[in-house]
Amino acid sequence: MTLRDQHLRPLKNLRLSVTDRCNLRCQYCMPEENYTWFPHEQILQFEECCQLVDVFTGLGVDKVRLTGGEPLLRRDLHILVRQLAQKAAIKDLALTTNGLLLAERVEELSAAGLGRLTISLDTLRHDRFFTLSRSKKLDQVMEGIEETKKTSLAASLKIDTVAMRGVNDDEFIDLIEFGGEHGAEVRFIEFMDVGGATTWSKDKVVTRAEMLRTFEKHYGAIEAVPKKDSAPADQYCLPDGRIFGIISSTTQPFCGNCDRSRLTADGKWFLCLYASTGIDLRAPLREGASTEELQAIIGQAWGSRDDRGAEERLTLKERGRLASASDMRKNPHLEMHTRGG
Ligand code: SAM
Ligand code: SF4
Ligand code: SF4
């Protein structure tokens, strides 16, 4: 079964956030001192995650990405991974992590059947890592990458870097080289005006065009790799055959074929990264709604989906942060670290 929204986009891809907590404080995501956390009893249990995933796969979802907050903070995450990996309807099971706890967890995640791994890493420099994330544990991320290389996840390893002018734009070549040394495809994400990016401004966005100019100057002619799927990253090939990606979410958004939705750790379903409200699936689930009843809620909402959040932001004359820190304190669902990126 394939559900279609108002722009005929199918529902294929679910980003499942397993916690709103994080062990980093990335400047562009969690810049505040204090946060409002979801109460423990509101966080979906693994069994509830699996029940909802079954509801979604029954409607055509075949890709699931575990995210957070920091997903590796969720105790026994490998158990959820194993349960999801056993579901035949899921063709692609992936995880995005900041890598801090990866060294100790990657083997069990790989053994549990995780299909693909993405590590977020914005800098290779210790001082900058501290400025960016308020953590001195860059070495732990590096250990995580080394341990990943010993597992089946090495083959699919990706490194995601948020590209920010005046912050890490002098490290792009170093990051591509680092990816090459570790067998990882590096993908540069344009800095987005979402959630905790309260200091976002247009001039801090390094555009896809600028990145390509930097790479061409350094490496020579770069070729675009023809796109095969609805993944947000566009791939490029360096003259030596190495591949890297650019996710131009800000300057050239890809809403036209967006098949993604997001489920927060407390069971709110968001149809767009920029949506101001979500649909509560936890309440009906806990009240005993049947699969058919939950599918009716989801089907109705997806059928009416008209969201093109990033494209709409592009048309604004005056563009700044999406939400203020006080808005997000009142409504933590507006945060990127609850929506999972
Ligand atoms: N904590 C995990 C991590 O950092 O990989 C998973 C959750 S995090 C919200 C998911 C992704 O969103 C990360 O790659 C992060 O860099 C990205 N992200 C967060 N805020 C962003 C922003 N303002 N612009 C672009 N990407 C952002
Ligand atoms: Fe950084 Fe991810 Fe944590 Fe946000 S959720 S602060 S991007 S590690
Ligand atoms: Fe999809 Fe919304 Fe992102 Fe556009 S802004 S790609 S519709 S999630």
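Here are three short exercises on the ligands and one loop residue of this structure.

This is a predicted model, in which local features need pLDDT of at least 70, side-chain atom pairs count only at pLDDT 80 or more, and totals for chains, interfaces and linings use all residues. Residues are numbered from 1 along each chain as its sequence is written, while chains are lettered from A and ligands numbered from 1 in the order in which they are written.

**Exercise 1.** Find which residues come nearest to ligand 1.

*Solution.* Start with the shell, where a residue counts as near if its C-beta atom, placed from the backbone, lies within 6 Å of the molecule. Of its 21 residues, C29, S120, M192, A197 and G341 come nearest. Next, look at the elements: β3 (92-97), β5 (158-163) and α12 (336-339) each give two or more residues. Helices here are DSSP runs of H or I with at least four residues, and strands are E runs of at least two.

**Exercise 2.** Decide whether R165 is buried, exposed or partly exposed.

*Solution.* First locate R165: the loop between β5 and α6 (172-181) holds it. Now count neighbours: R165 has 15 other C-beta atoms within 10 Å. Buried needs 20 or more, exposed 12 or fewer, and partly exposed lies in between, with C-beta atoms placed from the backbone. R165 is therefore partly exposed.

**Exercise 3.** List the residues that surround ligand 2.

*Solution.* Read along the chain: C22, L24, R25, C26, C29 and M30 are among them. Continue with G68, G69, E70, N98, S120 and H337, which also belong to the surroundings of ligand 2.
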